Amino acid sequence: MPVTVLLVDDEPLVRAGLRAVLEAQPDIEVVGEAADGAAVIPLVRQLRPDVVAMDVRMPLMDGIEATRAILRTVAEPPKILVVTTFENDEYVYEALRAGADGFLLKRARPAEIVHAVRLVAEGESLLFPASVRQLAADYGDGGGSPAARAAMERAALTEREAEVLRLMARGMSNAEIAARLVVGTETVKSHVSSVLAKLGARDRTQAVIAAYESGFVAPG
């Protein structure tokens, strides 16, 4: 089955460019478009896309609020990939904190766009880990959030789960973590699932953001 994508951007040329790049791939299908975040919810419910590629800045409802709305109101929400002009942007970090699974630069090369959609859809690795780390360093609390620290303490991760979370924050995939720890991939998947459940995170991106916000992993 192809990865289905909903495009949300107030610039028609951006949507057209993304559509052309993605639909050139045999395993990706663009199932719809919207010009603002305010139109996302009904389209997500109707089209059930695997991934929403969404501009972070739009006039009526931006990507941050649209991300919150999707996760709040849709029972089985799609992966959310925010699309942005600037990499080091506080809006992008706020979108990740709101629940987005990754971000994509509008100036990205076609191969990077395709890779980002596939990676976010698979959910087994962190997209642009170095950039997420830099965003956390620039706009995060630097481990100063009492709520985030308390949540991490309540999670009571085992030593192995803590090790897996640190490797996740470095951007390693399940296969890479398995090779590093000399264990099976299924064992790593089990540890990742346990980490997400204990942290109340919907995916590894949110788990890594929680690790930075709590000071469990230093973003620098």
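This report describes the sheet, cores, helix packing and salt bridges of a predicted model.

## Sheet

The strands form an open sheet of 5, in the order S2-S1-S3-S4-S5, and their pairing is parallel. The edges are taken by strand S2 (28-34) and strand S5 (102-105); each has a single partner strand, so one side of each is left without a neighbour in the sheet. From one strand to the next, the twist averages 25 degrees.

Strand S1 (residues 3-8) runs parallel to S2, and 6 bridges join the two. Within this pair, Leu6 stands opposite Gly32 in S2. In general, the strands of a sheet pair through backbone hydrogen bonds, either parallel or antiparallel.

## Nonpolar cores

The largest nonpolar core contains 53 residues. Val8, Met54, Ile70, Leu165, Met168, Ile177 and Leu199 are the residues with the most contacts inside this core. Apart from it lies another core, of 22 residues, which includes Val30, Val83, Val114 and Leu119.

Leu165 illustrates the contacts made by a residue of the largest core. Leaving out residues up to four places away in sequence, Leu165 touches Met152, Leu157, Val195, Leu199, Ala207, Val208, Ala211 and Phe216. Among these partners, Leu199 is itself listed with the residues that have the most contacts inside the core.

## Helix packing

Helix H3 (residues 63-73) lies across two strands, S3 (51-55) and S4 (79-84). Its direction is at about 155 degrees to S3.

Helix H6 (residues 129-139) has buried residues at Ser131, Val132, Leu135 and Ala136. These four cover an arc of only 140 degrees around the axis, which puts them on the same side of H6. The elements that cover the buried residues of H6 include helix H4 (90-98), S5 and helix H11 (204-214). In an α-helix there are 3.6 residues a turn, so residues three or four places apart point the same way.

## Salt bridges

The structure holds 18 salt bridges. One of them joins Lys106 to Asp9, with the closest N and O atoms 3.3 Å apart. Lys106 is in the loop between S5 and helix H5 (110-122), whereas Asp9 is in the loop between S1 and helix H1 (12-23), so the pair ties together parts that are 97 residues apart in sequence. Lys106 counts as partly exposed, at 24% relative accessibility, and Asp9 counts as buried, at 2%.

Other salt bridges lie within a helix. Arg19 forms one with Glu23, where the closest N and O atoms are 3.0 Å apart. The two residues are 4 residues apart in helix H1 and are therefore separated by about one helical turn. Arg19 is partly exposed, with a relative accessible area of 25%, and Glu23 is also partly exposed, at 40%. In helix H10 (residues 185-199), Lys189 and Glu186 are 3 residues apart, about one turn of the helix. The closest N and O atoms of their salt bridge are 3.6 Å apart. Lys189 is partly exposed, with a relative accessible area of 29%, whereas Glu186 counts as exposed at 58%. Elsewhere, salt bridges that share partners join Asp9, Glu11, Asp55 and Lys106 into one network.

## Surroundings of Thr85 and Arg15

Thr85 is placed in the loop between S4 and H4. It is partly exposed, with a relative accessible area of 41%. Apart from residues up to four places away in sequence, Thr85 touches Leu105, Lys106 and Arg107. Thr85 and Arg107 are 22 residues apart in sequence, and their C-alpha atoms are 7.1 Å apart in space. The contact with Lys106 places Thr85 beside a residue that also forms a salt bridge with Asp9.

Arg15 lies in helix H1. With a relative accessible area of 13%, Arg15 falls under the 20% limit and is therefore buried. Neighbours within four places in sequence aside, Arg15 is in contact with Leu7, Asp9, Asp10, Glu33, Ala34 and Ala35. Asp9 thus appears both among the contacts of Arg15 and in the salt bridge with Lys106.

Key
Residues are numbered from 1 along each chain as its sequence is written. This is a predicted model: local features need pLDDT of at least 70, side-chain atom pairs count only at pLDDT 80 or more; totals for chains, interfaces and linings use all residues. Side-chain values use heavy atoms; hydrogens and water are left out. A nonpolar core is a set of buried Ala, Val, Leu, Ile, Met, Phe, Trp, Tyr and Cys residues joined through side-chain atoms within 4.5 Å. Buried means under 20% relative accessible area, exposed over 50%, partly exposed in between (1.4 Å probe, protein chains only). Contact means heavy atoms within 4.5 Å. Two strands pair if DSSP finds at least two bridges between them. Axes are lines fitted to C-alpha atoms, for helices over the stretch in contact, and angles run from 0 to 180 degrees between N-to-C directions. The arc is that of the directions from the helix axis to the C-beta atoms. A salt bridge is a side-chain nitrogen of Lys or Arg within 4 Å of a carboxyl oxygen of Asp or Glu.
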